[in-house]
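Here is a friendly walk through one model, with charged pairs and core packing in view. Please have a look at it first.

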Amino acid sequence: MIIGKGSNCLFDDLGFDGCVILNRMEWMEVKGVGVYKVGSGYRFNRLGMQCSNEGFTGLEFAAGIPGTVGGAAYMNAGANGQETANVVESIDVVTIDGKLQRFERADLMFGYRSSPFQRMPNLAAIVAVTFRLQSSTISRTKLQQYLERRASQPIGERSAGSVFRNPSDLGIGAGELIEKAGLKGFRVGGAMISKLHANFFINANGSTSQDMLDLIAVAKDKVYQKFGVELKEEVLYVNPSKLLHNNKLVV
């Protein structure tokens, strides 16, 4: 399996029975005004900082996301009303039989934290993403505003980022539902729901993967019992033999 930084992966306690390849395609090319072609291993937060400081809008949110460009495209990462798909021009991939393939934006159907690559059976890896951004006089200001909002998250703690996707059409986030269910600070073994932001589950003291899975199950059950809302995981669970996304094989 190929991963970027693994920032939203939860590996099983038994590890992974195979080869884990860390993506180090960390290059970037400026193809035109506001057009960046970026290797999929490039740090997404670095890209967001760079583009925003150069006066282009669309990736300000990326400055607070500690993953890679490939991971952001795969998950359609987003925050603060922005998401990766909004500024994608094309995506290059390599298939499991070694063929390079390019997808134009019009050919790709993205959704909330989803992309067609999650359902692409012959995908080996995303190789590069080309972004087209618009000039902006306030991109630096938006960048700082978005980074300040990140202060409400437990950035210094050990976590896999947001555990659940925000429910659509409810007007309330997963973290708020978990908090209203009275679970802030709730623990299972060494895993704990953050007291700062309830959609972050942290390794508070020697958490095992099973501790985290059990805590996820408790949160899903309590929220469903109280609000009738079924939370969907955003974190990717890696069992010993395969990578599962919502219990479906993706790699």
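The notes below cover the model, its core and its salt bridges.

## About the model

This is a predicted model, where local features need pLDDT of at least 70, side-chain atom pairs count only at pLDDT 80 or more, and totals for chains, interfaces and linings use all residues. Residues are numbered from 1 along each chain as its sequence is written, and side-chain values use heavy atoms, leaving out hydrogens and water.

## The nonpolar core

The largest nonpolar core (buried Ala, Val, Leu, Ile, Met, Phe, Trp, Tyr and Cys residues joined through side-chain atoms within 4.5 Å) has 35 residues, of which Phe44, Leu47, Leu59, Ile91, Phe117 and Phe131 touch the most other members. Buried here means under 20% relative accessible area, exposed over 50%, and partly exposed in between (1.4 Å probe, protein chains only).

At least two core residues come from each of S5, H1, H2, S9 and S11. Helix H2 gives the most, with five. Helices (H or I, at least four residues) and strands (E, at least two) are DSSP runs, numbered from the N terminus.

## Salt bridges

The whole structure holds 10 salt bridges, each a side-chain nitrogen of Lys or Arg within 4 Å of a carboxyl oxygen of Asp or Glu. Glu60 pairs with Lys142, with the closest N and O atoms 4.0 Å apart. Glu60 sits in the loop between S6 and H2 and Lys142 in H3, so this pair ties together parts 82 residues apart in sequence. Both Glu60 and Lys142 are buried.

Within helix H4, Lys180 and Glu176 lie four residues apart, about one turn, and they form a salt bridge at 3.9 Å.
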